Amino acid sequence: QPLHTLRAAEKELLPGFHQFEWQPALKNVSTSCNVGIINGLSGWASSVDDSPADTITRRFRYDVALVSALKDLEEDIMEGLRDSGMEDSACTSGFNVMIKECCDGMGDVSEKHGGGPVVPEKAVRFSFTVMSVSVLAEDGEEEVTVFTEPKPNSELSCKPLCLMFVDESDHETLTAVLGPIVAERKAMKESRLILSIGGLPRSFRFHFRGTGYDEKMVREMEGLEASGSSYICTLCDSSRADASKNMVLHSITRNHDENLERYEIWRSNPFSESADELRDRVKGVSAKPFLETQPTLDALHCDIGNATEFYKIFQDEIGEVFQKVNPTREERRSWRAALDKQLRKKMKLKPVMRMNGNYARRLMTLEAVEAVCELVPTEERREALRELMRLYLQMKPVWRSTCPAKECPDQLCRYSFNSQHFADLLSSTFKYRYNGKITNYLHKTLAHVPEIIERDGSIGAWASEGNESANKLFRRFRKMNARQSKAYELEDV
């Protein structure tokens, strides 16, 4: 087909094509609908003292992007209405849309084959997924779900909203670029979208849940100390020492509003306490929370974090650390070399610099444990390792699967029992590693999973995988395999 027809087709698919309106109109957001790709810094009012953010960023306006996403689902929504036997013309209001938000930083995205010096460019991508659309029946009794995203972790359902060349650790620039998005999102919470779906104007309310963030990003956005802090958890107030003594019994206490209140206390110190007392009162909230996240557990990084931990346990077991006091660095190195060699031989696992998802999945299997056991001297330690892995593999599907109640009901029922058993093993047989310390994700895996599932129905579905796998696409586009011209770099994405 000639280029102009493709262009026309493309225009319909990009945000900025469909008519819509908000009631009441969004505060501080212009009313025009035909807004395409805009400069990511627009909407950021810089004051005289602000140094201008010198970064390239492109984004869609949030409401325009949501409209486009809903129009993509138009047929699915209509089909859902028909299937649930709801009279199409009766359902014009009362639609609720659940949105999952993801945001993730990417290291080194500099040009590989381009001329000139290699600059350490980093990028951050913010995206959203329409998780479900439900509608309140005419009698207003119960909600009927007319659409549920079947693959919530696919890059196909994960719509990019904003691309920025920013280092995720550069809090100032990151917040400057995300500021307008946060403002638009806040405005949309208090308003209804009127959009024609299936030929009739219908009204939608949006509910945003920021769950696709890794721990680093959550801590940054919610004003918590960095992940090495003694306040180990982004869901509860426990300290690292508490969490290693009591591994299982904690409940979720943190939330965005409380973090804001605690920041106020931190800032004003109303009781004139010393720094340590004050820090203990606010439980490590020492910056202003910027973006509301939903306290949950990030399934992908949880996998990776726990695999890293198991890798270290394997290493320690090969060297029988439970008998030794403090082994030298050389000894540790030799155990690690032995472990890597064995994993490469038996499991075809190449040693990796930083643990990644695929390595973690291969490492957390019974065959990997069997391979490691060949290097572990005593039978009782081997048995303990096998038991540890067996329990872990029982627990894992619960926070990995999209719908645990359907996909692994028995493991879900046994979760608390298994996690208790797992914790007992760690605090007895492996107590040399867990004496007063425990890793953040291990704590969450043991303490918070059942509660989150009870609240949300799933952990896996709300994870950041879709965004992570779309990062791959982003790299493809950055290397510009399509057109060898600089002008298209961000537009193409």
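Which residues is V285 in contact with, leaving aside its neighbours within four places in sequence? To find out, begin the tour at this residue, bearing in mind that the model is predicted.

**Stop 1: V285**

Select V285, which lies in the loop between helix 8 (275-282) and helix 9. Its relative accessible area is 0%, so V285 is buried. Once neighbours within four places in sequence are set aside, the residues in contact with V285 are E222, G223, L224, R254, N259, R262, Y263 and W266. Next, add A69 to the selection. V285 and A69 stand 216 residues apart in sequence, and their C-alpha atoms are 35 Å apart in space.

**Stop 2: helix 16**

Now select helix 16, residues 440-447. This helix is mostly covered, with 8 of its 8 residues buried. Among them are N440, H443 and K444. The buried residues of helix 16 pack against helix 5 (215-221), helix 6 (240-245), helix 9, helix 13, helix 15 and helix 17.

**Stop 3: helix 15 against helix 16**

Keep helix 16 in view and add helix 15, residues 409-428. The two axes come within 9 Å and cross at roughly 140°. Helix 15 and helix 16 are therefore oblique to each other. To display the contact itself, select Y415, S419, F422, A423 and L426 in helix 15, together with L442, T445 and L446 in helix 16. By class, this contact of helix 15 with helix 16 has 6 nonpolar, 2 polar and no charged residues. As you look along a helix, recall a general point: an α-helix has 3.6 residues a turn, so residues three or four places apart point the same way.

**Stop 4: the nonpolar cores**

F422 and L426 appear again here. They are among the residues that touch the most other members of the largest nonpolar core, which has 61 residues; F314, L343, L363 and F430 complete that group. Elements that give two or more residues to this core include helix 10 (329-347), helix 12 (366-373), helix 15 and helix 16. The largest share, 10 residues, comes from helix 9.

Centre the view on F314. Apart from neighbours within four places in sequence, F314 is in contact with L339, L363, V369, V372, L385 and M389. A second, separate core has 57 residues, including V130, V135, C162 and Y213.

**Stop 5: aromatic rings**

How many aromatic pairs does the structure hold? There are 12. Select F206 and F208 to view one pair: the ring centres are 6.3 Å apart and the planes lie at 20°, so this pair is stacked. F206 is buried at a relative accessible area of 4%, and F208 is buried at 9%.

Then move to Y392 and W399, an edge-to-face pair with 6.1 Å centre to centre and 65° between the planes. Y392 is buried, its relative accessible area being 0%, and W399 also counts as buried, at 0% relative accessibility. Finally, select W22, Y62, F126 and F128 along with F206 and F208; these residues form one aromatic cluster.

**Stop 6: R333**

Is R333, the last residue of the tour, buried or exposed? Select R333 in helix 10. Its relative accessibility is 51%, and the cut-off for exposed is over 50%, so R333 counts as exposed. Add E222, a residue already met as a contact of V285. R333 and E222 are 111 residues apart along the chain, and 38 Å separates their C-alpha atoms.

Methods. Residues are numbered from 1 along each chain as its sequence is written. This is a predicted model: local features need pLDDT of at least 70, side-chain atom pairs count only at pLDDT 80 or more; totals for chains, interfaces and linings use all residues. Side-chain values use heavy atoms; hydrogens and water are left out. Axes are lines fitted to C-alpha atoms, for helices over the stretch in contact, and angles run from 0 to 180 degrees between N-to-C directions. Helices (H or I, at least four residues) and strands (E, at least two) are DSSP runs, numbered from the N terminus. Angles under 35 degrees count as roughly parallel, over 145 as roughly antiparallel, 65 to 115 as roughly perpendicular and the rest as oblique. Contact means heavy atoms within 4.5 Å. Ala, Val, Leu, Ile, Met, Phe, Trp, Tyr, Cys and Pro count as nonpolar, Asp, Glu, Lys and Arg as charged, and the others, Gly among them, as polar. A nonpolar core is a set of buried Ala, Val, Leu, Ile, Met, Phe, Trp, Tyr and Cys residues joined through side-chain atoms within 4.5 Å. Buried means under 20% relative accessible area, exposed over 50%, partly exposed in between (1.4 Å probe, protein chains only). Rings of Phe, Tyr and Trp (its six-membered ring) pair if their centres lie within 6.5 Å; planes under 30 degrees apart count as stacked, over 60 as edge-to-face and the rest as tilted.
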